[in-house]
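Hi,

Here is the structure I promised to hand over. Have a look at it first, and then read on for what turned up in it.

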Amino acid sequence: MFGLKSNKSKAWKKLEQEYKRMKKVEMRALFAADKKRAQKYTLHQNGLTLDYSKNCIDDKVMSALLGLAKERGVAQKIKDMFEGKEINFTENRSVLHIALRNRGKSQIFSDGKDVMPQIREVLNKMKNFSEAVRLGKFKGATGKKLTDIVNIGIGGSDLGPFMVCEALKKYWAKGIRCHFISNIDGTACAEVLGGLNPETTLFIVASKTFTTIETLTNAKTCRKWLIDSLGEHAVAKHFVALSTNKTEVKKFGINPENMFEFWDFVGGRYSVWSAIGLIVCIAVGFENFEKLLDGAFDMDEHFRKAAPESNMPLILALLGVWYNNFYNIHRYAVIPYDQYLQYLPSYLQQLDMESNGKSVDKENNFVKCATGPVLFGGAGTNVQHSFFQLLHQGTEPVPVDFVVPAISHNEIGEHHSILLSNVLAQGEALMKGKTIAEAAEELRKAGKSKKEVDALKKYKSFTGNRPSNTLLFKKIDPFALGQLIALYEHKVFVQGIIWNINSFDQMGVELGKQLALNILPELQGKVLNAKHDSSTMALIKEVKSLRR
Ligand code: F6P
């Protein structure tokens, strides 16, 4: 149905031709032929460097990719987003996470209304509340300081604040600890609550819709846990809500005064800049949260104003399209070389795969080309000892983004130099590889016999020519993190434009939710003999028998 047939526009056909030429070219040769290649294919933006020279590209390819961006009207669509046009066309909504970090004075309109005053008002409320908690002025019901902050949310209401809190752990206030409950699995609640004292615990219920079953169930469990030991009156001092839905917040039993609002023009996976970032503010302080916004704003301005050939998100997006649609490689890996960034890949998974895992285009047709790739990753060097084998010698290449801070928050002995030497070596190895002849030579030098050399040389060879980008910056601080997240947000947006899909809805998660609601009463024995396929029927029966 989709994925293999190209969309035959002029720019697309040009890229197909370029692919036919480029697939025979080795990156090694390109590096050998042009001493300035790295310089040519490196971009800088306020402390963030993108080296994209280790890609299967040359000037002709880049010009054809930029031609595709032009043909698809990317520049106009960027403008549309910043002007609050309803680019979320299936839900008729503006897409204005960029307004949440608009650090300039400009107005931004949605539906004819400037959204900036309400955004600033909520930011101010977040500032006051987070400072009050940090200083111990906002106390628990028994007068104790709140020291343990539990964010209850899932998807965009969890992954963003969780990833950012972990990334900025070095900035956490002394005496404040952050916890996250997302999964409906009771273990998530049990493990977090087990270590906490109700008197010193603040729960933040984070849900855009305030209807998500996981979050509401977890919140109810936590509410009961609190009431059981401190009584009903304690809820007002221990529960706040982050949501767009005042009615549901009230219904749940949280005073709307304890609610921090955001709006429909903020997508869940783009919401860490909104009230959803409250736990970040409490953990790292409002000033640092503002620096995170500053970093994102810096990237927004770059994205809006930089020429296409030096526009980082655009270039990253086009490289992704190059592999996804012309090399037919529908996966990529993001590998941060910093322990504090270990959750970046999970965060980006939702950002990329929930945004661009789509099959119907703007004109209501099934797409004719592959859209969002599979994203996976983990922290280096750990993953070098797990899935990197496949990256180096598997049958299909996997493009990689290496995310690298030059300085660690924990410069202990040689640790960080070793870490850095590894990431640089991985990029080099993926690009250069090792020919069979080189492998044979190495074996010979190591004293192996001819028979041994012949037996081993292919196993020891690496095809190379495997693409990677390197994103390098000084240190993982709030500003750099803001830049980095916004970079990927805009990359995903540009790819959505190229594929002509809506990157801002997520209807694909609905069916499973609906069916789970049907199955729940069956598991509880409230509905008998409902109709399903034979596999689901058998599994329901077996689950019931195992739980009896
Ligand atoms: O599962 C889909 C989804 O709607 C995500 O897009 C969203 O981030 C998550 O669920 C949580 O939704 P909410 O914030 O409304 O609870």
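One term before anything else: contact here means heavy atoms within 4.5 Å. Helices (H or I, at least four residues) and strands (E, at least two) are DSSP runs, numbered from the N terminus. Keep in mind that this is a predicted model, in which local features need pLDDT of at least 70 and side-chain atom pairs count only at pLDDT 80 or more, while totals for chains, interfaces and linings use all residues. Residues are numbered from 1 along each chain as its sequence is written, and side-chain values use heavy atoms, with hydrogens and water left out.

Let's start with a helix pair. L159, G160 and M163 of α8 touch L344, S346, Y347 and Q350 of α16. By type, the residues of this contact are 4 nonpolar, 3 polar and no charged (Ala, Val, Leu, Ile, Met, Phe, Trp, Tyr, Cys and Pro count as nonpolar, Asp, Glu, Lys and Arg as charged, and the others, Gly among them, as polar). The axes of α8 (residues 159-167) and α16 come within 9 Å and cross at roughly 155°. Axes are lines fitted to C-alpha atoms, for helices over the stretch in contact, and angles run from 0 to 180 degrees between N-to-C directions. The two helices are therefore roughly antiparallel to each other (angles under 35 degrees count as roughly parallel, over 145 as roughly antiparallel, 65 to 115 as roughly perpendicular and the rest as oblique). The crossing of α8 and α16 is left-handed, a label used if the near helix is turned anticlockwise from the far one by less than a right angle, with right-handed used if clockwise.

Now the sheet that α16 belongs with. There is an open sheet of 6 strands, in the order β1-β2-β13-β12-β10-β11 and with mixed pairing; two strands pair if DSSP finds at least two bridges between them. β1 (42-45) and β11 (374-377) are the edge strands, each with a single partner, so one side of each has no neighbour in the sheet. On average, neighbouring strands of this sheet are turned by 15° against each other, direction ignored. Inside the sheet, β10 (residues 331-336) and β12 (residues 400-405) pair in the parallel sense over 4 bridges, and V334 has D401 of β12 as its bridge partner. Helix α16 (residues 344-356) packs on the sheet and touches β10, β11 and β12, its direction making about 175° with that of β11.

There is another open sheet, of 5 strands, with the order β6-β5-β7-β8-β9 and parallel pairing. Its edges are β6 (177-181) and β9 (259-261), each with a single partner strand, so one side of each is left without a neighbour in the sheet. Neighbouring strands here are turned by 20° against each other on average, direction ignored. β5 (residues 148-152) pairs with β6 in the parallel sense over 5 bridges, and the bridge partner of V150 in β6 is H179. Helix α9 (residues 186-193) packs on the sheet, touching β5, β6 and β7, and its direction makes about 160° with that of β6. Helix α7 (residues 116-134) lies across β5, β7 (201-206), β8 (239-243) and β9, running at about 145° to β9.

Back to helix pairs: the axes of α15 (residues 312-326) and α21 (residues 478-499) come within 8 Å and cross at roughly 50°. That makes α15 oblique to α21, and their crossing is right-handed. Among the residues making the contact are M312, P313 and L314 of α15 and I498 and W499 of α21. Sorted by type, the residues of this contact are 11 nonpolar, 5 polar and 1 charged.

A few smaller things. How many salt bridges are there? The count comes to 34, taking a salt bridge as a side-chain nitrogen of Lys or Arg within 4 Å of a carboxyl oxygen of Asp or Glu. One of them joins the side chains of D58 and R21 (2.8 Å, N to O). D58 lies in the loop between β2 (48-51) and α4 (59-71) and R21 in helix α1 (residues 10-22), so the pair ties together parts that are 37 residues apart in sequence.

Most residues other than glycine have a negative phi, and most peptide bonds are trans. F210, in the loop between β7 and α10 (213-230), has a positive phi, near 55°. The peptide bond from G380 to T381 is cis, with omega near 10°, and T381 sits in the loop between β11 and α17 (388-393).

Cheers
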